[in-house]
Amino acid sequence: MEYTAAVPEPTKRAVSELSDADILRRWRDEPAPLLPVLHAFHDRDGYLSEQALRAISAGLRIPLADLFGTVTFYHHFSRSPGGRDQPRVCDGPICQLHGTAQLTAALSDHQPTAMPCAGRCDQPIPVLRGDQVLVGTTAASLSAQPSPLPPPNPGGIDECVFAHIRDQDRAQLEGYGGYTSLTQAIESMSPEQLLEVIDSSGLAGRGGAGFPTGRKWRAVADAPGMPKTIVCNADEGEPGCFKDRVLMDHDPHALIEGMAIAALATGAERGFIYLRYEYPDTEKILTRAIAEAVEANLLGNNILRRGMRFNLHVRRGAGAYICGEETSLLNSLEGKHPFPRNRPPYPVTHGYENLPTVVNNVETLCAVPPIIEYGAEWYQALGKGKFAGTKIISLSGDVQKPGNYEVPLGLPLATLLNDWAGGPQPGRSIQAVTMAGLSGGFIAGDDLDRCTLDEPCLRSMHSFLGAGGVMVLDDSRDMMEVSRQAMSFFAHESCGKCFPCRIGTQRLTERLALEAGPRDFQAWRAEVEDIGETMKATSACGLGIAAPLITDSLIRYFSDVAKNRFDK
Amino acid sequence: MNRTDDKTENKQPVGTINLDGAEVPFYYGETIYQVSQRYQSNIPTLCYDDRLEAFGGCRLCIVELEGARNPVASCTTVAVPGMVVRSKTKAVEKHRKVLTELVVSENPRGAKIDPLRGLASQELGELAARYQVKGDRFAGKQSGTTNTADDNPFILRDYDHCISCYRCVRVCAEQEGDFAISVMNRGFATQITTEFNQTLSESACTFCGQCVQTCPTGALGDRKAMRAESLPGPIETTRSICPYCGVGCSVDLMTKGDKLVGIRPAMDGPANEGALCVKGQYAFDFVQHPDRLDTPMVRNDAGQLVAASWDQALDRAAAGFARIRDKYGRHRVYAVASGRAPHESAYTIQKWIRTGFGSNYVDNCSRA
């Protein structure tokens, strides 16, 4: 469906005849029912009414005050009539560069609201309207578009998760070619052998934390308590990251097969894909692919007639960056207020419903089938030098060919930027890039040439690779303003549980906007650094620990830019 | 607000940790914070209430743990044999000061919180004094919004002073089981709310007052006690037992001079551990009410109540019961003893019915 007029028509919501009781009956006995129930009411009514929340509270036996508080946590749940279908215009860092403000103004008759980065940085600007994502930089050009495929392989580079993603009909089971790795694993490998292969491949978490996947799986396999769960973290909320979307949209069976192999290795019987709200098309693709797999007896209660049981469910988030933090995600799945949990204990022993749980990123799980097929050594050798495997980099911003690139770990950043992606726009030079989306702060100056894409190098530059979002900022960009936008994102997404993050992200945003704080640069810098140091040392989760990397790197590379905003 | 946990008294230690250079024993399941309480009690906190599950929100109780990259929250970190913990290094104290400066910066400057607001209401002020925080750093927006619409007679919701420690939300859920209040929005926009952000009277709140007593800033205030803010003199407390029902909750009666100004639950009360109900917490005005009877009353021939002696009153009551028994029979008298009365009174009542009337028509309201 396309917007043909300059002023788009509201999207038509399928009129639902379902009663409150119908919805509750449909979901009440399913695992993790709260989010789907909330979405069903939200979709039916166009918002979450007081009456709806009262029905859900009674139906799922959740205290009303708790339910109300939890609903207000998610920014995509609307509490006023018609709110669900009002356009949400992406104001992520890249989209702001492409004209979020103008597009929002053009849609002003439809009560548009801003939403944080919606993962379409390779094709800005996404506008979400109910179940529909449209993209375009002007109201007239807004149209529904499939996820862009990764750019062609730059030549001679071995890929892992992208090796077949560009194949025709890859998203269909027939085009995918059946679950050969799962079949091989069930027929000829013990769980222990599977764990050994994953262990020795060197595969590590590709969502950002980099925890060795084999060790995680083994901890779950060894942990007491049943049933065990495989959770795929598909809440790709990091600004500038859109790699999981392309994997799920174009290669959903790789993910499902990877999850089934994880289940086989750990003894898990149930799985969830926790998908961010901003990917409604992906939900349809995944739901369809799961149905195909169930039909082909590749999921279910007797997989390949070998007695293996693994049932997979998709759960859609509702707008909260923190739900990409694995323990917040688990609380969200369980219908609780999505604050991060205190650790230890870790999810491997106390995860979903306090039972052993693997939480893996989409990219990690998609790498599993090829590793089983080609072996641990093959995967290891994909990296450069001592680094094992590959990493998808979501590259966006001021570069000629933005998109998802699967790079060998250890690749020089300059090779990616200049040789693969065509370098900056003509007449421009690259001033800085962000790392780990926004969580790794900036890399700039001489470090741009010295940097290789691997954790040891990036850690030495006080940054990290994280989920692999790299946003390029050329010399036309105001680094103070870019920093303010970044910090205001973290402030918007801070959950409010721990003091350093809740207050610190707010105070840093005010200081980057020069709205509050000392008017003397040295005093300003002392406040910013004190807040940052305490946030990094004492925050309860990664959000508060990472946010000050923005101010740290601003001061490290662009101290003069900041200083120029002050009289003295 | 800390109690010694007497549940550990009869247990054997499971190992020792090194706490600031001293080897100290700990019991199974104890956190570093709990261990430290026995030995130095000097680690600051704002979100901790030892009756509640440790939350780990304020981060003031951070300590350095050998082998850990970052300081850990001592309230959520379970002691393991051989741990080496440093609780008062320069770095840790610096972070605590910055955290205190941050939390002070989100509230109105220089506010004086009357201790009548609640038992824990001085905690933030004491912390600010300890770290010499004057409120001159980290200026910016204020986070809380006082709920002026909620005019219930018991609980002031002065959220300008709220620091989002969620002790109120957690005590309501974990101790009282009411789930009347919860957390709305996220981050700096977080507010304490009820269902649909209504007033407490419209919510599931039972006005037990536990949220008020655990609030570390006085953002929640005991409105009945606050009536006495302008009375001169110090607040004195007297330990007593709540007279309302048979549970026997320990309370501290707050007085200024000879005036009863408020009631507080005793955190170390064996029957209540800091809990009270709306009656025990707020229904004390009768004690010094001008309408309160201080002598027996009987009706005169004109039907008006007049003061009488105990003998006159008891004779009149006895005559009345005797007349009913003689006219209608002994089963027309039925006694229900009050749950507020002590054992001796309950015994006397049943004795009076059983031997006095020769009937078993006696009960006690605590059974209902």
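Colleague: What is the sign of phi at A:Gly422, and what is its value?
Modeller: This is a predicted model, where local features need pLDDT of at least 70, side-chain atom pairs count only at pLDDT 80 or more, and totals for chains, interfaces and linings use all residues. Residues are numbered from 1 along each chain as its sequence is written, with chains lettered from A and ligands numbered from 1 in the order in which they are written. A:Gly422 follows H18(A), helices being DSSP runs (H or I, at least four residues) and strands too (E, at least two), numbered from the N terminus. Its phi is positive, near 80°.

Colleague: Which residues of helix H18 of chain A are buried?
Modeller: Buried means 20 or more other C-beta atoms within 10 Å of a residue's own, with C-beta atoms placed from the backbone. In H18(A), residues 413-420, that fits A:Leu413, A:Leu416, A:Leu417 and A:Trp420.

Colleague: Why do they line one face of the helix?
Modeller: An α-helix has 3.6 residues a turn, so residues three or four places apart point the same way. Look down the axis of H18(A) and take the directions from that axis to the C-beta atoms: the buried residues line one face because they fall within an arc of 125°.

Colleague: How many residues does each chain give to the contact?
Modeller: Two residues are in contact if their C-beta atoms, placed from the backbone, lie within 7 Å. On the side of chain A that touches chain B, H22(A) gives the most, nine residues. Overall, the contact takes 36 residues from chain A and 37 residues from chain B.

Colleague: What distance separates the centres of domain 2 and domain 3 of chain B?
Modeller: Domain bounds come from an automatic or database assignment, giving 105-288 for domain 2 and 297-367 for domain 3 of chain B. Taken over C-alpha atoms, their centres are separated by 42 Å.

Technical notes
Buried ≥ 20, exposed ≤ 12 C-beta atoms within 10 Å, placed from the backbone.
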